[in-house]
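Work through the three exercises below with the structure open. Try each task before reading its solution.

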Amino acid sequence: MLFNSIEFAIFFPIVVALFYILPQRWRVHLLLGASCIFYMAFIPAYIAILFVTILIDYVAGIYIERSEGKRKKALLLVSIVSTCTVLAVFKYMNFLTSSFSGLAGLFGWHLSNAAVNIILPVGLSFHTFQSLSYVVEVYRGNQKAERNFVVYATYVMFFPQLVAGPIERPQNLLHQFREWHRVNYVNITSGLKRMAWGFFKKLVVADRLALYVNDVYGSPRSHNGLQLSIGTLFFAYQIYCDFSGYSDIAIGAAQVLGFKLMENFRTPYHSLSVSEFWRRWHISLSTWFKDYVYIPLGGRRVGPVRYAINILITFGISGLWHGASWTYVWWGLLNGVYLVTGWLTKEWRDRFFGSIGLGEETVMRKGMMWASTFLLTCVAWIVFRAKSLKDAWYVFSHLLQGWNIHQIKTEQFFLRQLPIAFAAILILEACQLWIQNRDSATSTFAKLPLPGRLAAYAALVLLVVMFGIYRKTQFIYFQF
Amino acid sequence: MNQNAFDESRGALAGELVDDWRSLPEGEPAAVRALAEEQERGSEGWIVLRSLVFFLLILAAFALGLNGLITLGLWHIKTGQYGVSNRMIRGEINAQIVINGSSRALSGFDPRIIQATTGLTAYNIGRNGSQTDMQLAVLKTYLEHNRKPEIVIQSLDSFSFEATREVYNPAQYVPYLYDRELWTPLRRINPGIWKSRYVPLYGYVVDDMSMSWVLGLGELVGWSQREDYFLGFNPRPLKWTDEFKSFRAANPNGVDWPIDEEGKQSLEELIQVCRAHEVKLIFVYAPEYSEMQKLTRNRSEVFRDLHDLSERYSVPLWDYSDWRYSAETKYFQNSQHLNEEGAQVFSEDLSNRLQGFISANPFQSNGLQVRAIADDRGVETNLAKR
């Protein structure tokens, strides 16, 4: 079930109403049932796969907690391997077989590439990682194994964050299913406002920009440099608004129910370095990789060469997590290269800026750092979005060629959409700055009497509705 | 405290009321506090519910109001596609010759040239992206509100037998969904269209990619789109592009156009409707780029069925597949559509043939008194007095 659908608009109020009406002992059952309905709205049969992974990790968690030494480690490995096998089969089977065939071809072996027609279960990567963090935390002794199957299943399947995160940690979320959530006016209104903000990002910004991006990246060779450049800029905001919009809706929906999910984005395009970008972008995933891949590999507690390798491995796997395609792997590795290069050149850059009189707090230095970070990120997005590495290279090498202001629109993107698209991006950025300083803004709104406040909110919601794009578009990260 | 303990202590304190739990002295039983807290929660629940209800009522009122304003504005538009639809619904066209069809009709048949040549009033009610079933609905709507024409020119396409799977630009019909002749076929094609009629703003926002609501609101404040429809004709001042080259590369073995039973029935029904209204019907297959004709694999089947209908119902079929300029991209915007220059040349050819047809098939009523239309902007329409 998509958040931007009539089904969800009916489903959600019913679930919230029932949640607050029911006594505590039935609430978690309601959430589990609702999450099942939510998930089965995609492909009903795939709930069996989810059930299998839940059962494996539920049992594994209990036995891992009871065990010691080698047996404990073995159980952890069994759990990780079996969970990852499900992910590998559904997500990477075709990628692995075609890559293997390609490799064999280099040696002159010709293997038939029988592609298996497997549909990826929605959100598989997300709830797999959430389950994996649970068993690892139980193994490390940071989390008690959950004995109540219903509670554990709800932890994995909690519908606001089931299909596209945030990827929660058991320490944050599990205990919340046992707590009494009272009706709280502030929680509910804040949650609804957060959801509205998410819908603005998704419907008004992301889906509008997608019309342009899909045309340009669908056939890059049919578009000039100006269109490629605009398409790349638009994709940067499309993927940000699509994904962070989903996170906002998920966090807001959970907040309406009284649950607190972790923040997943902190205005990443305001970053002054690539490393800062990765502390602000998809925070739940980047911290997951940091805690369960990067640090176990040694993190920074190793020599410089090994440190660089650790970063590249971590980001390479992160790229692969995003999709079964070499473009994603190269995107991940490219970001790894950015980080390693940034680390290697930090001192030199500090000396350089110092020599031209630009201290750390100077506006010009911050501006240059912001611009270079944004540019590097956009270049990486080219690799991420392109259908192939060949296409990615074509886009990159033609960004500045053949600019033609009279040929700016695309097949689906009428010219009148262009000012609206740019205005939407500006409004997004302005609102983000406003939210950062929201104490003063909230007090302005709070001064209005209740009918006036409600009318203002209704007008804002109506603006989102009027300017939204309603093609049946999934959220980008659903495919991961 | 957990819920079970709360339930137990609550039972023990049944009937006891606490006005303000904050005023309880320290050491009072936790259950008493919890009971008072629940009473406060209950009232907070009502506050939330009340606020949500007020919010939804205000939102609904805004949505209804805005929907009404947009519809009102669209009804008053005098230019563009909405201008044509408004004139049709208000019965202001009343032309003697009506051209019906898809975008090939809309951009290929110039009624001004037909008028000038034949001396009869003409109007083009062609629709972009429409199949025969929707073209039939538009014609029925026209006949419902306007004086019946003497001649209907039905423009045919290779896809004339294709039933509509998805309505193209449904927003163009939203202000007129109350009209039975439009509502019935739209409902059949898209059962979900009731949302566009009964849910405020749905039709203008969800189904509309071109933001027509801006046109509606703009009309209310005195802003109108530039007119690019001339007696319903929408010329395409565009040059040939490489689009066909890409299409041919993508379809080296050609394409097949669907021949649906519903499509055939729609064309037959169109013939019956014209007969019932005693309107002379002429089928015209407008010029098509010759290379595209070669790419259409089942062209002979389509034309076999078209000729079959034509002969069965004695409807003249004027086939311009071999038009003398079919191979010249100069006159085409793409393989299916004439550009402005091509439409002018074709319309002259058609008008001359039509003139001959009219001479050979005089109308039953003679002695027509014709007042020429100055333009298409709500000035007196042409009235043919019998």
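This model is predicted.

**Exercise 1. A strand and its partners**

Find the residue that stands opposite V152(B) in β4(B). Then place strand β4 of chain B among its partners and decide how enclosed it is.

Solution.
- Step 1: V152(B) faces L281(B), a residue of β4(B).
- Step 2: Strand β3 (residues 151-156) of chain B runs parallel to β4(B), and six bridges join the two.
- Step 3: β4(B) also pairs with strand β5 (residues 317-319) of chain B, again in the parallel sense, over three bridges. Here V284(B) stands opposite W318(B) of β5(B).
- Step 4: Strand β4 of chain B spans residues 280-285, and five of its six residues are buried. The strand is therefore largely enclosed by the rest of the structure.

**Exercise 2. A glycine in a loop**

Is G123(A) buried or exposed? Locate G123(A) as well.

Solution.
- Step 1: G123(A) lies in the loop between α4 (69-106) and α5 (124-140) of chain A.
- Step 2: G123(A) has 23 C-beta neighbours inside 10 Å. The cut-off for a buried residue is 20 or more, so G123(A) counts as buried.
- Step 3: Now take L50(A). L50(A) and G123(A) are 73 residues apart in sequence, and their C-alpha atoms are 9.9 Å apart in space.

**Exercise 3. Where the chains touch**

Describe the side of chain B that touches chain A.

Solution.
- Step 1: Contacts link 19 residues of chain B with 21 residues of chain A.
- Step 2: Helix α2 (residues 30-75) of chain B gives the largest share of chain B's side, 13 residues.
- Step 3: By type, chain B's side has 13 nonpolar, four polar and two charged residues.

Technical notes: Residues are numbered from 1 along each chain as its sequence is written. Chains are lettered from A and ligands numbered from 1 in the order in which they are written. This is a predicted model: local features need pLDDT of at least 70, side-chain atom pairs count only at pLDDT 80 or more; totals for chains, interfaces and linings use all residues. A residue is buried if 20 or more other C-beta atoms lie within 10 Å of its own, exposed if 12 or fewer, and partly exposed in between; C-beta atoms are placed from the backbone. Helices (H or I, at least four residues) and strands (E, at least two) are DSSP runs, numbered from the N terminus. Two strands pair if DSSP finds at least two bridges between them. Two residues are in contact if their C-beta atoms, placed from the backbone, lie within 7 Å. Ala, Val, Leu, Ile, Met, Phe, Trp, Tyr, Cys and Pro count as nonpolar, Asp, Glu, Lys and Arg as charged, and the others, Gly among them, as polar.
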